[in-house]
Amino acid sequence: MSNIESPKRAIINFTKKCALSCEWCYVPFGSQSISKELLSSVVKRLRDLGFDSVTFGGGDPFQFKHLDFIIKEAKEIGLFVHVDTHAITLLENQKNAGLLESYVDLLGLPLDGSTGEVHDRMRGSTGHYELIMSRLNWLRDRSISIKINTIISSINVSDLKELGKLMSSLSPNRWSIYQYWPVGPARKAASENALDVNQFRENISVINLKEFNNTVIEVNTAESRRKTYPILNHLGEVYVHHEYPVDDFEFVGQIFDTNISDKISVLCGQERREVVARYIATDKRVN
Ligand code: SF4
């Protein structure tokens with residue numbers, strides 16, 4: 001890529017479907033089928049363009065039957081492989097354990113509340129909290145780096161202190177806390193979920209950092225994420241968070257376009273401060 005500040009990571013969202021329907025989901029779902037061959041080409045293209053990390057994200061990657069092939073290929077061509085999953089289709093079997101241990105550098109799981117009541121309300125799915133607890137138990141003591149993702153909105157913000165206690169006992173490798181961001185399809189949830197950035201920061205401060213020994217905590221305000229990394233869908237269409245209007249995505253082009261690298265460089269700029277300095281476990285600071 002021509003710009004040394006160009007992003008080095010990209011997200012590929014599987015935008016065909018998802019087993020959950022979180023009301024604040026930002027993924028614009030369509031009906032296009034997922035092609036193993038096309039997805040493989042998209043991943044290779046990212047590597048050729050100079051990206052060194054890929055995140056496979058929602059809708060759920062494990063709903064795609066060729067995910068293991070794609071993950072192995074991404075790893076074998078030298079990409080850092082990060083997979084975010086709601087874990088419903090991440091079945092607890094030896095095949096998946098082997099795949100994760102051998103080919104996935106970071107596995108992201110959602111947890112948005114300290115109880116089933118809070119988490120399941122956020123995810124719109126009764127029993128999902130129990131499922132996540134089961135998966136975390138299954139993953140415990142395996143050689144897999146776990147990142148727990150928490151969306152904070154006005155609905156669960158008052159639970160942060162209790163969630164912090166739970167998280168310290170779960171002790172994942174990383175805990176990423178995201179302010180709800182009404183962007184794209186997530187706008188429809190704004191009336192119930194909107195959370196001012198100052199309110200978000202104030203409530204983050206109730207987390208008792210002394211309870212954490214081995215977990216890196218990463219705090220992400222909504223706006224800090226704007227135009228810092230490209231978001232692809234499984235067809236290879238590239239988007240970024242739009243500058244204006246502020247609550248939508250901007251279509252950049254197709255990942256195979258000859259000028260896509262320059263376009264991404266111009267639009268995305270450099271990685272955000274929270275991510276450059278995101279791993280704060282050693283000094284216990286929260287950004
Ligand atoms: S936020 Fe994730 S799990 Fe929820 S509906 Fe969107 S893609 Fe699915």
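**Figure 1. Strand 9 and strand 10 pair in the antiparallel sense.** This is a close-up of a predicted model. Five bridges join strand 9 to strand 10. One of the partnerships links Val 240 with Glu 250 in strand 10. Strand 9 has five residues, and four of them are buried. Strand 9 is therefore largely enclosed by the rest of the structure.

**Figure 2. Strand 8 and strand 9 form a hairpin.** Strand 8 covers residues 231-233, and strand 9 covers residues 237-241. The two run antiparallel and share two bridges. Ile 231 has Tyr 239 as its bridge partner in strand 9. Leu 232 has Val 238 as its partner in strand 9. Three residues lie between the strands of this hairpin. What is the sign of phi at Gly 236 in the hairpin? Gly 236 takes a positive phi, near 90 degrees.

**Figure 3. Ten strands make up an open sheet, seen here in full.** The strand order is 7-6-5-4-3-2-1-8-9-10. The pairing is mixed. In general, strands of a sheet pair through backbone hydrogen bonds, and the pairing can be parallel or antiparallel. Which strands lie at the edges? They are strand 7, residues 216-220, and strand 10, residues 249-254. Each edge strand pairs on one side only. Neighbouring strands of the sheet are turned against each other by 25 degrees on average, direction ignored.

**Figure 4. Helix 2 buries four residues on one side.** Helix 2 spans residues 67-76. Its buried residues are Leu 67, Ile 70, Ile 71 and Ala 74. Around the axis they cover an arc of only 100 degrees, so they sit on the same side of helix 2. An α-helix has 3.6 residues a turn, so residues three or four places apart point the same way. What do the buried residues of helix 2 pack against? Two helices are involved: helix 1 (36-48) and helix 3 (94-103). Strand 2 (53-57) and strand 3 (80-84) are packing partners too. Gly 78 follows helix 2, and its phi is positive, near 100 degrees.

**Figure 5. Helix 4 has a buried face.** Helix 4 runs over residues 116-123. Buried within this helix are His 119, Met 122 and Arg 123. Seen down the helix axis, the buried residues of helix 4 fall within an arc of 90 degrees, so they line one face. The cover over these residues includes helix 5 (128-139). It also includes strand 4 (106-110) and strand 5 (146-152). After helix 4 comes Gly 124, with a positive phi near 60 degrees.

**Figure 6. Tyr 129 of helix 5 is a buried residue.** Why does Tyr 129 count as buried? Tyr 129 has 23 C-beta neighbours inside 10 Å, and the cut-off is 20 or more. Leaving aside residues up to four places away in sequence, Tyr 129 touches Gly 113, Gly 116, His 119 and Asp 120. Ser 31 makes a contrasting landmark. Ser 31 and Tyr 129 are 98 residues apart in sequence. Their C-alpha atoms are 28 Å apart in space.

**Figure 7. Confidence in the model varies along the chain.** The mean pLDDT of the protein chain is 89. A value of 70 or more is reached by 91% of the residues. Over residues 276-287, pLDDT stays under 50. For this stretch the model has 21 contacts beyond four places in sequence.

Terms used: Residues are numbered from 1 along each chain as its sequence is written. This is a predicted model: local features need pLDDT of at least 70, side-chain atom pairs count only at pLDDT 80 or more; totals for chains, interfaces and linings use all residues. Two strands pair if DSSP finds at least two bridges between them. Axes are lines fitted to C-alpha atoms, for helices over the stretch in contact, and angles run from 0 to 180 degrees between N-to-C directions. A residue is buried if 20 or more other C-beta atoms lie within 10 Å of its own, exposed if 12 or fewer, and partly exposed in between; C-beta atoms are placed from the backbone. The arc is that of the directions from the helix axis to the C-beta atoms. Two residues are in contact if their C-beta atoms, placed from the backbone, lie within 7 Å. pLDDT is the predictor's confidence in each residue, from 0 to 100.
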